[in-house]
Amino acid sequence: MENFRESVSWVIGGPQGSGVDSASHIFLKSITMAGLHVFGKREYYSNIKGEHSYFSVRVSNSPVRSHVDEIDILVTFDAETVVRHSPYLANKGVLIFDPEIKGKKIEDIHTLDFSSKKKINKILNDNNKSFDFIGILENLRERNVFLIELPYFELIKDFSEKINDHSLSKLARITNVMSLAASLAILDFDTKKMENGIRSIFSNKPKIAEINVNAANYSYNYIKSKYADISERFSKKLTYEKTNNNDNNIIIAQGSQTSPLGKIVAGCRFQTYYPITPATDDSEYLESNQIIKQTDNGSGSVVVIQTEDEISAIAMAIGASLTGVRSCTTTSGPGFSLMAEALGWAGINEVPLIVSLYQRAGPSTGLPTRQEQGDLLFAINAGHGEFPRIVYASGDIEESFYDTIKVFNYAEKYQLPVIHMIDKFIANSIMTCKMFDYKKIKIERGKFINKNSHLNLNDGNIIEHFKRFNLDEGPVSTRVSLGTENGIFWNTGDEHDEQGHITEDPEIRKKMVEKRMSKLQLIIEQTPSQDQITVEFEDILKENIEHKIIILSWGSTKGVILDTLERISPEFENIKFVFIQVKLLHPFPSKLLEDTINKLIGEKTGNDFKQDSNSKTTLISIEMNYLAQLDILLKQNTTINTDYNILKYNGRPISLSELHESVLNIINKNLGKRVILENGV
Amino acid sequence: MEYKLSDYKTEVHNDWCAGCGDFGILNSIQMSLSELKIPPHNVAMFSGIGCSGKTPHFIHTYGIHTLHGRVLPFAQGAKLSNPNLKIIAVGGDGDGLGIGSGHFVNSGRRNVDITYIIHNNGVYGLTKGQAAPTLKLGMKTKSLSQPNMNDSINPISLAIICGFTFIARGYSYDVKHLKDIIKKGILHKGLSFIDVLQPCPTYNDINTKEWYQSYETDKEDPSIKIPKIYKLEEENYNGIVNNEIETEDKMSIALEKSREWEKRIPIGVFYQNDKFITYGERLENRIENYFSSPPAYQIVNDKEGNTIANIDSLLERLKTNYGLVK
């Protein structure tokens with residue numbers, strides 16, 4: 001096992017509540033302050049304390065968007081982390097562990113899952129090692145893994161004597177900072193920069209900052225003096241800037257914060273939620289920052305309401321939207337299931353509404369804290385009867401910010417619910433990216449007369465009584481907010497006439513259905529093509545290449561696909577690689593996608609792609625579900641036939657390691673149509 | 001501008017059954033709005049599903065006919081986004097105490113300044129007379145094949161326990177009295193609940209108009225006739241909290257009073273407390289200009305379509321060099 005040379009992969013693990021999160025944040029802060037790029041992701045159980053959690057970070061001098069399975073540096077707080085993750089340590093990797101574990105028994109770790117136990121058992125068996133930590137460590141040593149003992153308890157004791165503070169329990173928290181300082185010593189990281197990182201994390205608590213800085217230096221020097229030659233292992237992989245990073249253009253963004261940031265920019269001023277992983281962080285961020293600075297020197301605000309359930313959450317958001325505010329509700333699969341009826345109400349009453357749908361693994365409670373893209377078809381079909389909606393998916397953290405502003409525009413322009421699909425992987429990941437240019441996207445409110453523009457009865461459009469669902473205006477009619485003078489209208493979940501009163505008249509019914517449903521065509525016609533589908537990768541320099549591999553995907557698989565193609569493309573000069581990301585999932589951009597692929601293939605036979613089995617174009621769809629839901633949409637809406645579906649549904653996001661390997665296998669024709677990935681701890 | 005009663009009426013054909021108690025409620029709401037001189041466009045009527053759900057279509061104000069059981073969340077969302085709207089929510093007892101009971105309970109925790117009226121008739125009328133949450137155990141209304149298997153919810157008791165701050169009962173054939181109660185409910189600062197005894201002439205053949213308006217003869221003096229329905233205010237009952245320390249006592253007497261049913265049925269105001277903080281005021285404690293600049297009034301973009309939000313300081317915190325001690 002050899003890791004990708006251009007990056008270092010660092011994993012820290014321990015029981016939930018042991019400080020894995022704070023340690024990784026200081027690590028990320030120090031590393032990124034030195035001008036390096038990172039991609040980090042958090043994995044955890046649906047549990048408060050005790051179950052295994054870990055944070056993995058990939059560090060590089062160039063941008064990174066995905067994780068790898070191989071680990072260069074594994075930092076462990078407990079025995080379980082060693083069992084679960086040491087099999088993934090790269091040869092010549094480094095394990096930091098508490099020597100105390102040597103006396104522990106693997107069978108005593110009650111939180112260890114079956115597959116990890118099976119895996120370690122096989123490794124130890126195959127290598128004739130005993131089923132214990134002595135066996136594990138022996139095996140690692142044979143694989144040339146560097147074993148670093150960090151006796152936390154003794155170190156803290158020595159340290160506390162040194163600083164004359166004997167409150168050991170208080171100091172227990174500093175094991176976090178000691179472990180990451182050890183990692184930074186291995187990476188030969190500048191101690192000044194490490195100190196900067198720690199101080200910036202504890203900027204509000206200068207005293208605690210100093211204790212942590214001292215502890216970090218203590219641990220750093222301990223490693224340097226005891227394992228003098230270790231830093232050579234990685235010193236060539238990463239280069240640190242000579243000066244402190246003053247690049248104002250790079251941010252480190254967390255996926256649970258970028259969509260709510262976009263909401264503030266978009267003018268969302270009302271949001272509801274019922275607590276649910278992984279969506280709640282969005283509302284919590286918004287509520288913590290609910291007072292909004294404005295360029296007109298005024299002060300805006302977002303009202304964030306925790307409701308009694310998700311039915312109430314969507315109903316309140318709709319009620320608010322009727323008053324003219326840009327309104328949103330935020331949830332995950334189980335909550336969205338409860339929202340289905342009200343979604344249809346928003347549909348028939350043409351109410352602009354955003355549902356931020358943070359997918360997680362289902363069905364039912366499923367894997368509440370794990371990744372899946374299993375809700376695509378549900379998002380498109382949720383609710384009874386037919387009504388128009390938009391389903392829009394973001395590919396990564398950076399996109400989720402800009403897309404959030406766009407979806408609010410769509411909702412008002414077309415007066416319908418928009419389901420903005422994000423997921424657990426995006427929400428619980430963190431990455432360096434370009435500073436957001438938040439003034440880039442304009443706010444478009446569509447045919448909306450807000451309170452300040454008085455509705456005039458003598459206006460040509462309004463005769464006698466305001467018609468909220470005026471059939472003469474086309475699919476989208478003028479909307480006013482509740483409280484507008486001369487704008488009185490009615491809404492009902494029943495079919496309605498132009499004013500909004502109940503009707504069962506067959507002629508009006510037909511016209512209203514057509515009014516609403518024709519919005520779908522309008523959306524396809526008016527949405528810029530790059531906002532519908534994006535060609536994220538294309539080997540434009542490779543000319544006259546017969547063999548083309550076209551990858552189709554949607555949502556958060558984007559990063560790992562891009563990283564894979566950037567690696568694999570230079571290895572195959574005779575293959576042209578293309579990656580198309582579908583962002584608008586409903587209404588489906590059928591013709592645009594077909595035309596784009598046609599153009600790439602450069603030929604088309606009849607109405608079908610690739611009728612010839614010897615065709616040189618290989619189409620692969622990649623997504624995290626069992627049914628290949630994007631592929632189902634392709635079959636439903638286009639004549640595109642995929643050759644391979646790379647799928648994953650074990651709850652763990654796709655790694656660069658496994659995607660790289662499976663694309664290689666496809667090139668070598670080693671695989672059947674369904675390629676199922678299964679890596680991850 | 002002066003508004004006449006007719007300004008609150010629509011031309012929409014009313015398809016309720018002849019003699020339906022809903023008419024009394026409809027008239028009372030229209031009269032209340034007219035007497036309080038609230039401009040029609042400042043009012044939004046929200047409703048649930050069922051016969052009562054059609055009420056907004058007959059009233060010339062904004063009318064939002066929502067989903068079965070969900071009227072309170074819809075109405076609260078609108079009020080919290082635009083606190084200047086007068087919001088009245090109506091629904092049946094099945095709507096509010098059956099499918100929507102979770103919202104009923106939790107609305108009490110918020111005390112949003114809206115008025116909620118339940119058309120209480122003990123049956124699901126529009127689906128042809130099934131037992132609803134206020135129908136007593138063992139009762140057999142005419143379209144039930146067997147007596148009711150569930151016991152009933154007491155809406156007044158429930159509202160007291162949940163935290164509603166204005167709790168009253170009216171009778172739909174006493175329009176003048178009902179109108180006065182609805183006016184008080186609308187004027188009350190906080191969440192008002194009005195339980196209206198509303199005979200369903202088609203499906204509830206037990207709690208009929210005749211039943212509600214019946215008399216009992218005094219055992220000692222047969223010349224004295226005791227009407228089933230009586231007015232709380234006529235019997236020196238006072239459920240108004242004038243001082244915060246009275247809260248517990250007034251709730252207790254209201255709870256006790258709410259248990260009366262078999263012999264005599266009280267109507268009027270059971271409990272009223274305008275000293276308790278509303279949800280809007282709670283928001284104002286966090287957002288200073290909430291009432292002058294609520295969500296619905298905020299302008300979010302300039303004429304060119306640029307956002308007027310300035311998130312520079314939030315983005316500053318995300319910079320990789322943020323917090324760098326130089």
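The following paragraphs describe a predicted model of two chains, A and B, beginning with each chain and ending with the contact between them.

Chain A contains 24 helices and 26 strands. Its radius of gyration is 28 Å, close to the 26 Å that the globule rule gives for 681 residues, so chain A is as compact as a globular protein of that length. Taken along the principal axes, the C-alpha atoms of chain A fill a box of roughly 90 × 65 × 50 Å. Of the 681 residues in chain A, 54% are buried. The contact pattern of this chain can also be described by sequence separation: among contacts between residues at least 6 apart in sequence, 76% join residues at least 24 apart.

The domain assignment divides chain A into domain 1 (7–235), domain 2 (253–434), domain 3 (447–527) and domain 4 (530–677). Where domain 3 of chain A meets domain 4 of chain A, 4 residues of domain 3 are in contact with 5 residues of domain 4. The side contributed by domain 3 of chain A consists of 3 nonpolar residues and 1 polar residue, with no charged residues.

Strand 1 of chain A, residues 7–15, illustrates the strand pairing within this chain. This strand is mostly covered, with 8 of its 9 residues buried. It runs antiparallel to strand 3 (residues 52–60) of chain A, to which 9 bridges join it. Within that pairing, Trp10(A) stands opposite Val57(A) of strand 3. Strand 1 of chain A also pairs with strand 4 (residues 71–76) of chain A, here in the parallel sense and over 4 bridges. In this second pairing, Gly13(A) has Thr76(A) of strand 4 as its bridge partner.

Chain B has 10 helices and 12 strands. Its C-alpha trace spans about 95 × 50 × 45 Å along the principal axes. Buried residues account for 50% of the 326 residues in chain B. Of the contacts in chain B with a separation of 6 or more, 68% are between residues 24 or more positions apart.

The nonpolar cores come next. The largest nonpolar core has 257 residues, and those with the most contacts inside it are Ile318(A) and Ile167(B). Leaving aside residues up to four places away in sequence, Ile167(B) touches Ile156(B), Ala159(B), Ile160(B), Phe193(B), Ala254(B), Phe270(B) and Tyr271(B). Apart from the largest core lies another core, of 7 residues, which includes Ala131(B), Ala132(B), Cys200(B) and Tyr203(B).

The contact between the chains takes 75 residues from chain A and 58 residues from chain B. On the side of chain B that touches chain A, the elements giving two or more residues are strand 2 (62–65), helix 2 (71–81), helix 4 (101–110) and helix 10 (312–318) of chain B. Helix 2 of chain B supplies the largest share of that side, 8 residues. By class, the same side of chain B has 29 nonpolar, 27 polar and 2 charged residues.

Strand pairing also links the two chains. Strand 19 (residues 490–492) of chain A and strand 2 of chain B run parallel and are joined by 3 bridges. In this pairing, Trp490(A) stands opposite Gly63(B) of strand 2 of chain B. Strand 2 of chain B thus appears both among the elements giving two or more residues to the contact and as the parallel partner of strand 19 of chain A.

How values were computed: Residues numbered from 1 in each chain as written. Chains lettered and ligands numbered in written order. Predicted model: local features only at pLDDT ≥ 70, side-chain atom pairs only at ≥ 80, totals over all residues. Contact = placed C-beta atoms within 7 Å. Nonpolar A, V, L, I, M, F, W, Y, C, P; charged D, E, K, R; others polar. Pairing = 2+ DSSP bridges. Rg over C-alpha atoms; globule rule 2.2 N^0.38 Å. Buried ≥ 20, exposed ≤ 12 C-beta atoms within 10 Å, placed from the backbone. Domains from an automatic or database assignment. Core = buried A, V, L, I, M, F, W, Y, C linked by C-beta atoms within 7 Å.
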